[in-house]
Amino acid sequence: MSKNPIHIIGGGLAGSEAAWQAAEAGVPVILHEMRPVRGTDAHKTDGLAELVCSNSFRSDDAENNAVGLLHAEMRLAGSLIMSAGDANQVPAGGALAVDRDGFSDAVTKKLEAHPLITIEREEVPGLPPAEWDQTIIATGPLTAPSLAQSIAEATGADALAFFDAIAPIIHFDTIDMDTCWFQSRYDKVGPGGTGKDYINCPMDKDQYLAFVQALVDGQKTEFKQWEGTPYFDGCLPIEIMAERGVETLRYGPMKPMGLTNAHNPTVKAYAVVQLRQDNALGTLYNMVGFQTKLKHAEQVRVFRTIPGLENADFARLGGLHRNTYINSPTLLDGSLQLKSRPGLRFAGQITGCEGYVESAAIGLLAGRFAAAERLGHTPSLPPLTTAFGALLNHITGGHIVSDDEPGKRSFQPMNVNFGLFPPVEAVKIEGKRLRGKDKTVAKRHAITSRALQDCREWLGVPAQTAEAAE
């Protein structure tokens, strides 16, 4: 049985998770990370699994939320990313958010200490050589241009790109808490939270309308090289949302529902800007949903018009980076392997999934699949009823170009969501068919219960171990 190493290109969340899973299966791994030899426009450190956008892994509710379910499945599978996230969480209402530096340090130290993992700090400029017979490309949205070009040439298909935007981060001690207040929406308590995990900045109608106009009129950074590139709706710049209609932000990141101004409880805010804790010390807060392509000077000017942020000191201003992904449904088989080159797999955002957790989950699967083949086994695919299987099926089997639309490519990046799961039977309680919200909640519970049971069986996890992981 061969124990040649598995090569993994890219030390982000997907690559780090893939390396961990393969090594834990007993297979040696060489992890190639180009930083610090070659930097990117978005990364600030040399650490593995650096979070370059939000510090949130989103909802941790495994019963009612699809990404929370994915969290639970990853914990069952011994995920490095989830264990590091759990160990470095910061309060965030119903979400799992992490101290970004502590999280990256934890992942880096675990991988550096593993006896079967070797980390090579080097750029891999093109497709791996033939002797790397088991390789995972997990270079994410910031794939080096030379490697992206090699992938395009090898697959015969151009990689699509879209802009991914970064939200600003503010020093807590420069926020006016006589205007702002702490509260999670609907006072929801999440992991490590208290129900008061967000800072809320209220706006009346006139302030809101002026703010929307300032976003629309503000000077933006232009990227003529990538003009016409589509944005992903899950990470739209705040000014692009403003351009879509004056009320768009009030029904998006600035919605006032579930919030009561602690300083003036009888007056309902017309809109609210929320800030979420960004580090364990609580000294930094990021602007939730405020990814932006405004020029830096404009960000300072416009965002200081937000009540409570008049004297805000920005630890980091927002920015943009390009995101690249392949047409996975036509190029990859069910185990994330390039159909035209057995042994070469892709993982993470480059496959067309969206989000930190989803990227890490696909890395987890790719690492397990490659390790199985290295050990002489056929990869075991997760059931479609699990979050793992639903996400994998979207990537490898969804949105294939229809015969009546030649040349049209419809595959788009996707977060895990309940729409990707096989339907469940109609749910009844005491013989009565449910309707409306009750029906939606019951169906979600049925989907998540089924998923966790099927995931345990797929992984061969004993019930006692599974309960501890969840």
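## Aromatic pairs

The structure holds 10 aromatic pairs. Please keep in mind as you read that this is a predicted model. A pair of aromatic rings is described by the distance of the centres and the angle of the planes. Phe57 and Phe103 make an edge-to-face pair, with 5.5 Å from centre to centre and 85 degrees between the planes. This pair ties together distant parts of the chain: Phe57 sits in strand S3 (residues 56-59) and Phe103 in helix H4 (residues 100-113), 46 residues apart. Are these two rings on buried or exposed residues? Both Phe57 and Phe103 are buried.

Phe418 and Phe421 form another aromatic pair, this one tilted, with 5.8 Å between the centres and 45 degrees between the planes. Phe418 and Phe421 are both buried as well. Ring pairs also build a cluster, made up of Phe57, Phe103 and Tyr356. A charged side chain meets a ring elsewhere: Arg250 lies over the face of Tyr270, 3.8 Å from the ring centre.

## The whole protein

Let us step back to the overall picture. The protein has 470 residues, and 56% of them count as buried. Its secondary structure comprises 13 helices and 18 strands. The accessible surface adds up to about 19,800 Å², and carbon and sulfur atoms own 51% of that area.

How much of the contact network spans long stretches of sequence? Among contacts with a separation of 6 or more, 71% are between residues 24 or more positions apart.

## The parallel sheet

One open sheet has 5 strands in the order S6-S2-S1-S7-S16, with parallel pairing. Its edges are strand S6 (117-121) and strand S16 (344-346); each has a single partner strand, so one side of each is left without a neighbour in the sheet. From one strand to the next, the twist averages 20 degrees.

Two of the strand pairs can be followed down to the residue. S1 and S2 run parallel and are joined by 4 bridges, with Leu31 of S2 as the bridge partner of Ile8. Towards the S16 edge, 3 bridges join strand S7 (residues 135-137) to S16, again in parallel. There, Ile136 has Arg345 in S16 as its bridge partner.

Strand S2 (residues 29-33) is mostly covered, with 5 of its 5 residues buried. The cover extends to both faces: Val29, Leu31 and Glu33 are buried on one side, and Ile30 and His32 on the other.

## Helices against the parallel sheet

Which helix lies across S1, S7 and S16? Helix H10 (residues 356-374) does, running at about 165 degrees to S16.

Helix H5 (residues 145-155) also has a part in the packing. Its buried residues are Leu147, Ala148, Ser150, Ile151, Ala152 and Thr155. These buried residues pack against strands S1, S7 and S16, and against helix H9 (328-331). After H5 comes Gly156, which has a positive phi, near 75 degrees.

## A buried glycine in a loop

Gly11 is found in the loop between strand S1 and helix H1 (13-24). Is Gly11 buried or exposed? With a relative accessible area of 0%, Gly11 is buried, since the cut-off for that label is under 20%.

What surrounds Gly11? Leaving aside neighbours within four places in sequence, Gly11 is in contact with Ser16, Leu31, His32, Glu33, Arg35, Leu48 and Ala49. Three of the names in that list, Leu31, His32 and Glu33, are also among the buried residues of S2. As for Leu48, it is 37 residues from Gly11 in sequence, while the two C-alpha atoms are 5.3 Å apart in space.

## The antiparallel sheet

A further open sheet is formed by 6 strands in the order S10-S11-S12-S13-S9-S14, and here the pairing is antiparallel. Strand S10 (181-182) and strand S14 (314-316) are the edge strands; because each has a single partner strand, one side of each is left without a neighbour in the sheet.

At the S10 edge, 2 bridges join S10 to strand S11 (residues 198-203), and the two run antiparallel. Which residue of S11 is the bridge partner of Trp181? That residue is Asn200.

Technical notes
Residues are numbered from 1 along each chain as its sequence is written. This is a predicted model: local features need pLDDT of at least 70, side-chain atom pairs count only at pLDDT 80 or more; totals for chains, interfaces and linings use all residues. Side-chain values use heavy atoms; hydrogens and water are left out. Two strands pair if DSSP finds at least two bridges between them. Axes are lines fitted to C-alpha atoms, for helices over the stretch in contact, and angles run from 0 to 180 degrees between N-to-C directions. Contact means heavy atoms within 4.5 Å. Buried means under 20% relative accessible area, exposed over 50%, partly exposed in between (1.4 Å probe, protein chains only). Accessible areas come from the Shrake-Rupley method with a 1.4 Å probe; for residues, only the protein chains shown count as cover. Rings of Phe, Tyr and Trp (its six-membered ring) pair if their centres lie within 6.5 Å; planes under 30 degrees apart count as stacked, over 60 as edge-to-face and the rest as tilted. A charge sits over a ring if NZ of Lys or CZ of Arg is within 6 Å of the ring centre and within 35 degrees of the ring normal.
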